[in-house]
Amino acid sequence: MKDFLQELFRISIYKRTQGRIIRQVTFAGLALAVALGCWRLNQTLGINTTTAYLVPGLLAVAGFWIAYRIVNLPRFADFLIAVEAEMNKVSWPTRTELIRSSIVVLITMFVLAGVLLVFDAFWTWMFQTLKVL
């Protein structure tokens, strides 16, 4: 816990040049979650009070700072750097492969939905027939 608190108040960036994109995206996601939470808190507290702006504003500033520091914690930053390195190794499909695969998935889903519709209709008919008897 002591190390976490020390890292929280440090200004330096851990391994500045490595994993920049994934860290920026992770920070943006955390910052968005903080911003939405503070906006919702503002809506809950009311619009006309000073508290409705002061408390969410202070929490937003603190949340943004914590999100910034979290993506620069050595263990978490090393994890994000490793994730970005692995993502660079992925062979992404071409546009035509992606479209072809998407069509196969959609057709399969519609066929399975049709099969389930037939099963459902059969069992509905079967139970209604048994109920009459």
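The expected span of a helix is 1.5 Å times one less than its number of residues, and this rule gives a first check on helix α3 in what is a predicted model. For the 20 residues of α3, residues 51-70, the rule leads to an expected span of 28 Å, and the C-alpha atoms at the two ends of the helix are 28 Å apart, which agrees. The points below begin with that helix, then turn to the contact of α2 with α4, and end with the salt bridge and with P74.

**Helix α3**

- The buried residues of α3 are A52, P56, A60, G63, A67 and R69, a list in which the charged residue R69 stands beside nonpolar ones such as A52 and P56.
- T51 also lies in helix α3, and with a relative accessibility of 43% this residue counts as partly exposed, because that class covers values between 20% and 50%.
- When residues up to four places away in sequence are left aside, T51 touches L45 and P56, and P56 is itself one of the buried residues of α3.

**Helices α2 and α4**

- Two packed helices are described by the angle between their axes and the distance between the axes.
- The axes of α2, residues 20-45, and α4, residues 74-89, come within 8 Å and cross at roughly 115°, and the crossing of these two helices is right-handed.
- On the α2 side the contact is made by R20, I21, I22, R23 and T26, which meet F76, A77, L80, I81, V83 and E84 on the α4 side.
- Sorted by class, the residues in this contact of α2 with α4 are seven nonpolar, one polar and three charged.

**The salt bridge in α4**

- A search of the whole structure finds one salt bridge, and the side chains of K89 and E86 meet in a salt bridge with an N to O distance of 3.2 Å.
- K89 and E86 are three residues apart in helix α4, so about one helical turn separates them.
- K89 is exposed, with a relative accessible area of 61%, while E86, with a relative accessible area of 46%, is partly exposed.

**P74**

- P74 has its place in helix α4, and with a relative accessible area of 27% this residue is partly exposed.
- Although P74 and I13 are 61 residues apart along the chain, their C-alpha atoms are separated by 9.3 Å.

How values were computed: Residues numbered from 1 in each chain as written. Predicted model: local features only at pLDDT ≥ 70, side-chain atom pairs only at ≥ 80, totals over all residues. Heavy atoms only, no water. Helix = DSSP H or I, 4+ residues; strand = E, 2+ residues; numbered from the N terminus. Buried < 20%, exposed > 50% of the residue type's maximum accessible area, 1.4 Å probe, protein only. Axes fitted to C-alpha atoms, helices over the stretch in contact; angles between N-to-C directions. Left-handed = near helix turned anticlockwise from the far one by under 90°. Contact = heavy atoms within 4.5 Å. Salt bridge = Lys/Arg side-chain N within 4 Å of Asp/Glu carboxyl O.
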